[in-house]
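Trainee: Hi, do you have a moment to go through this protein with me? I'd like to talk about its cysteines and then its pockets.

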Amino acid sequence: AMDLESPVLVSRVPELVVLPTALVLPTVQAHVTADKTASTIFCYVKDMDKKLYTFRWFKRKPEESKENDKEIIFDQGPERIEMLDLPVGSLLRLDSIVNSAIYTCAASMGNSTATMQVPVAVIPQGQVRTRTCPRVYDANGWWPVTAVGTKVQVQCPGDDTGHMTRLCTRKGRAQLDAGLWGR
């Protein structure tokens, strides 16, 4: 017989937002030069009762697949995690990292989990202009500074839901030119 007195948690997959959607951290002598604010990723759930969500962060090398994601344990690496109450979400501080990586934020409630990836490139300061695509605005919104060879997702503009994807490429560009945004 079914126990009708037991509560049931019904949830839908949250719409997750990460800011920025890609990050380039310049270095001088192998140390990130960006300050704490410029080297932070903010992850939160859009338009839902956020207090019920659990946030976790994962990372992997840029050339690895999602299956190689490893959970970031608080205070056990160069990354620092801060949980926020207002607005509810999670900050990932990256001002002490030394290697490029793909970071993934996961928000869970019950058996519903949403994830968003953020490519983070650590590049010597003198090479940033030639190894990235610049921040640009088009009819769909802003695309962030992104390392060449990196695919980035941004939220659809306005009331549209979902994400748009674009690749930063070097196709047809001279070695000393900036990268070029593909369609």
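Mentor: Happy to! Keep in mind that this is a predicted model. Let's start with C156, which counts as buried because its relative accessibility is 18%, and the cut-off for buried is under 20%.

Trainee: Good to know. How many disulfides does the structure hold?

Mentor: There are two. One joins C43 to C105, with an S to S distance of 1.9 Å. In the other, the sulfur atoms of C133 and C168 are 2.2 Å apart.

Trainee: Where in the chain do C43 and C105 sit?

Mentor: C43 is in strand β4 and C105 in strand β9, 62 residues apart. Both C43 and C105 are buried.

Trainee: And is the disulfide of C133 and C168 left-handed or right-handed?

Mentor: Right-handed, because the torsion about its S-S bond is about 95 degrees. For C43 and C105 the torsion is about -85 degrees, so that disulfide is left-handed.

Trainee: Okay, switching to pockets. What volume does the largest pocket have?

Mentor: About 550 Å³. It is lined by 27 residues, and the closest to its centre are I102, Q117, P119, T150 and K151.

Trainee: Which element gives the largest share of that lining?

Mentor: That's β10, with eight residues. Other elements that give two or more residues include β9, β15 and β16.

Trainee: And how do the lining residues divide into nonpolar, polar and charged?

Mentor: The lining of the largest pocket has 13 nonpolar, nine polar and five charged residues.

Conventions
Residues numbered from 1 in each chain as written. Predicted model: local features only at pLDDT ≥ 70, side-chain atom pairs only at ≥ 80, totals over all residues. Heavy atoms only, no water. 1 Å grid on protein atoms, 1.4 Å probe; cavity = no way out; pocket = protein on both sides within 12 Å on 5 of 7 lines; lining within 4 Å. Points joined across faces, edges and corners; volume = space filled by probe spheres on them. Helix = DSSP H or I, 4+ residues; strand = E, 2+ residues; numbered from the N terminus. Nonpolar A, V, L, I, M, F, W, Y, C, P; charged D, E, K, R; others polar. Disulfide = S-S within 2.5 Å. Buried < 20%, exposed > 50% of the residue type's maximum accessible area, 1.4 Å probe, protein only.
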